[in-house]
There are 4 protein chains.
Amino acid sequence: MKTHILRVECADEKGLVYKVTGILYKHGLNIVSNDEFVDHEKKRFFMRTEYSGETDSKKILKELSRQLPKDAIVQLAPDRKKNIVIFATKEYHCLADLLLRHAHNELHANILAVVSNHRVLAPLTAQFKIPYHCLPCEGKTREEHEAAILKVVGRLRPEFLVLAKYMRILSGQLVRHFENRIINIHHSFLPAFTGANPYQQAAQRGVKIIGATAHYVTEDLDEGPIIAQDVIPVDHSHSVVDMAQAGRDVEKNVLARALKLVFEDRVFVSDNKTILFD
Amino acid sequence: MKTHILRVECADEKGLVYKVTGILYKHGLNIVSNDEFVDHEKKRFFMRTEYSGETDSKKILKELSRQLPKDAIVQLAPDRKKNIVIFATKEYHCLADLLLRHAHNELHANILAVVSNHRVLAPLTAQFKIPYHCLPCEGKTREEHEAAILKVVGRLRPEFLVLAKYMRILSGQLVRHFENRIINIHHSFLPAFTGANPYQQAAQRGVKIIGATAHYVTEDLDEGPIIAQDVIPVDHSHSVVDMAQAGRDVEKNVLARALKLVFEDRVFVSDNKTILFD
Amino acid sequence: MKTHILRVECADEKGLVYKVTGILYKHGLNIVSNDEFVDHEKKRFFMRTEYSGETDSKKILKELSRQLPKDAIVQLAPDRKKNIVIFATKEYHCLADLLLRHAHNELHANILAVVSNHRVLAPLTAQFKIPYHCLPCEGKTREEHEAAILKVVGRLRPEFLVLAKYMRILSGQLVRHFENRIINIHHSFLPAFTGANPYQQAAQRGVKIIGATAHYVTEDLDEGPIIAQDVIPVDHSHSVVDMAQAGRDVEKNVLARALKLVFEDRVFVSDNKTILFD
Amino acid sequence: MKTHILRVECADEKGLVYKVTGILYKHGLNIVSNDEFVDHEKKRFFMRTEYSGETDSKKILKELSRQLPKDAIVQLAPDRKKNIVIFATKEYHCLADLLLRHAHNELHANILAVVSNHRVLAPLTAQFKIPYHCLPCEGKTREEHEAAILKVVGRLRPEFLVLAKYMRILSGQLVRHFENRIINIHHSFLPAFTGANPYQQAAQRGVKIIGATAHYVTEDLDEGPIIAQDVIPVDHSHSVVDMAQAGRDVEKNVLARALKLVFEDRVFVSDNKTILFD
């Protein structure tokens, strides 16, 4: 069954669900699933509706814009997989997991290319016949390096950038350009252990739980809206290396879970938080 | 903010959300939260809507019954806490947890009485000033014992019976009378380890995870619709006694979680499954 | 079966397990369970041995001190429950949980008294026939208030202080006096959200997981050695109040778990970390 | 640091730890980590000791066999990775996970070959340059098919067989030959949902948690000693397909965790249970 996804976000007022579902009903469409959330503090309304049936999308959107508040953001998700570029550095586990899911048609996205500042993941990527752009930073200023990235990304025109353990910081310019379209996996349960070497920090603090966080990238490092988190127990016998090893399975699963939500249009960003219709 | 809870269950068809929300909209009511689910296999529709605003409930119900399919079950949750009777035997932890939540106004229910086949929990119950009915089974036939129970229950007229580690089996008659209104906590992650001594069974099987299950009681022991489950890890060093001790915290939390869902009218029973709007 | 618990901590060297078990063997004692850990980074050795059999403890300790390195800390756990004083403020859930376990002989400790800066938990404590010392801070300087606490504590001579949601900061003097003998429950997964209002902070940051941490109290607030942590998932629909409510069950379980470990002499503190023989 | 692993299993008696550690001490060896467990019910002793230092292994084993009870099983783990053959059918996720870990030197095992009754996983296996033996069952009796397997396995002489979602039942003969050396991943939290289609069974029963179990294969299907288990929450909105998809990540992680334990010689089998020194 082919379905369409309609997303609505606007200031809350009475009758919004009624109006949206009314338009779908009058066009003879069938609601497969419907999720709404009202943030009562901010008085904002969020809705994601999956419906089946054939109709003229433009007409639907037009009627919605007429009946909904002026500020309403209405989206009909494009009827195809999202195009993405994956960024990685040296660690294989997150990238490999995404390449595998992609190869088996479980990623809800097309991987256009992998970008890395190192060569080490080139053979793995080649195994899956995905283009690999090695853009080393050595001997380059930050501006030159980012220009090289922008050149690749600009040509490929991805909808999302996925940082699968990419150990470099992207410039504010790039981040702003891809607002709410860059997803990063950070190897700690944020906001604990921001910045470099979170497992080192965790071992030093003697925590009994470590975790991973997938979040949108904003200009404030590790401060963007959180999409998914998970944790695993550790104890005194875990060295930093043990933690990193145990953490890898959490990292890749959390990233995959977050991407599934994003690529299925299940995530709304509201200020610095996410609303997930799971 | 005072709110009302409307529940709708019926055969699925187009326009149901539209019709329900339309009636609320026309009466000037404000939807606080709204959850729907369509079981596409069984083609059944479930909806729970929390709304605020004053209106004539009877009018709303009448309009709903006119616009919804004939088979629709429409309920407006009564605007008060549920009345319940708790059944227990000798173990204190689930009963004590419910008494504590009740005393601190966190149970969403009035405990009318505690019924037990033993005296041991009488002092605990007395601490909380709740009536305790000790109905021993010794020297009584099953019929006589249940008649004694029915006499107490019949007089108190609870809406729900909560079996908080009640180690006796209720008769089919009682179960049928309280269809989908008796909640039991079973000390295993069902369907594993039904029946007596689940921790013994778990230790013998050498499982690495134990759990607890809150479910509606049906005539088939331990086979009723599951409301909530949770688990904890165990290992080879756990004796049966260790498992039982560790399991107690899971049991009481799972029962409390299930009761919160039930008493807030968040659970629909559909054949042998539950639909939870959490 | 009556057992004894021997604890050894010293600089690591070859033959330590051999020497300790040799002494027990020669005295005809039977090792019930044995746990060792070597911190290879710090080159420190930790051992907890539970043994059965009757013997002269002083002789054992003397032989151990002769054979083990000079710096060795050797302890034979006293053969009785620990004496504790519980501190609480207004929230009932952790205190009630400990009172219940105590009343049912599951706490591995004697509660000598409850100390609070408010009256609100007096009736609950009275239900369990435990002395309640209400020591309000109103109209008192910090010094005067703490002097009042010290007077009570000094008279009762507890081995451990348990801060069961005690919302005041203890003075450095008191903390130093009870070094590694004050256990606090903090309502976040430390090191995230230290200080006041962690659920508020968590809601604001939009985390998808909240938690609780039991730790030893040191002079650095929320920075002491962590004993136990646990988490639960939350989502965008959780208000601060919802988080606090959901968090309470985690808090009480984590505190109870930590106390079990401490009171069974299963915890070693090594700098700012704990080693748990669970 | 190069280490050796010594494993001892025997009837429990006094002085066992003392004797084992004494022999190591007298040979000037350094214990890196040491784990023991006494099953007090069965009166059996299990010990795993990791030590460093050079010595004559045969001498150590000889002395141990002289000092330990006659029935003692003493093993010095061979100082190399285990040789394994992986069996799979059509699902890629567990196989791919093991191939990836192997390629990145994280499996603690050499994959000698992959055996499958289908062609579908051949290209994936070829990506990792591992031999693939496609042994279809079509047109063959069970005996003929197993003979073909035995021929491959007999030639490769693996120490362990790993059933990574292999959907065929192995004969008693093969199972007996590889006693406690075949590890299977079953896609349910055993003992719930044994046999075929566990996700179907789980969906039908309406459970709120699904899981996976890695266990040794015995002649009783799904009844062998459990090594590792894990679970994830599900709800009414999960179809059988959703459950299977969500379950895959659990399956591969549980299998990888179990194999790590087995390949690092951390697992003892005692009747139908495992003792894990993790």
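The following paragraphs describe how chain C is related to chains A and B, and how chain C meets chain B.

This is a predicted model, in which local features need pLDDT of at least 70 and side-chain atom pairs count only at pLDDT 80 or more, while totals for chains, interfaces and linings use all residues. Residues are numbered from 1 along each chain as its sequence is written, chains are lettered from A and ligands numbered from 1 in the order in which they are written, and side-chain values use heavy atoms, with hydrogens and water left out.

A turn of 180° and a shift of 0.0 Å along the axis lay chain C on chain A with an RMSD of 0.0 Å; such superpositions are made by least squares on the C-alpha atoms of residues with pLDDT of at least 70 in both copies. That is the relation of a two-fold axis. The C-alpha of chain C nearest this axis belongs to C:Ala192, at 2.3 Å from it. Of the interface residues of chain C, 100% are also interface residues in chain A, so the copies meet through the same surface.

Chain C is likewise superposed on chain B by a rotation of 180° with 0.0 Å of shift along its axis, at an RMSD of 0.0 Å. Here the C-alpha of chain C nearest the axis is that of C:Gln127, 3.0 Å from it. For this pair, 94% of the interface residues of chain C are also interface residues in chain B, so the copies meet through the same surface.

How many residues of chain C are in contact with chain B? There are 17, and they touch 16 residues of chain B, contact meaning heavy atoms within 4.5 Å. The two chains bury about 1,600 Å² between them, 45% of it on carbon and sulfur atoms; buried area is the accessible area (1.4 Å probe) that two parts lose on being put together, summed over both.

Six salt bridges are counted between chain C and chain B, each a side-chain nitrogen of Lys or Arg within 4 Å of a carboxyl oxygen of Asp or Glu. A salt bridge joins the side chains of B:Glu106 and C:Arg248 (2.8 Å, N to O). Helix H8 (240–263) is one of the helices of chain C that each supply at least two residues to the side touching chain B; helices are DSSP runs (H or I, at least four residues), numbered from the N terminus. H8(C) gives the most to that side, with six residues.
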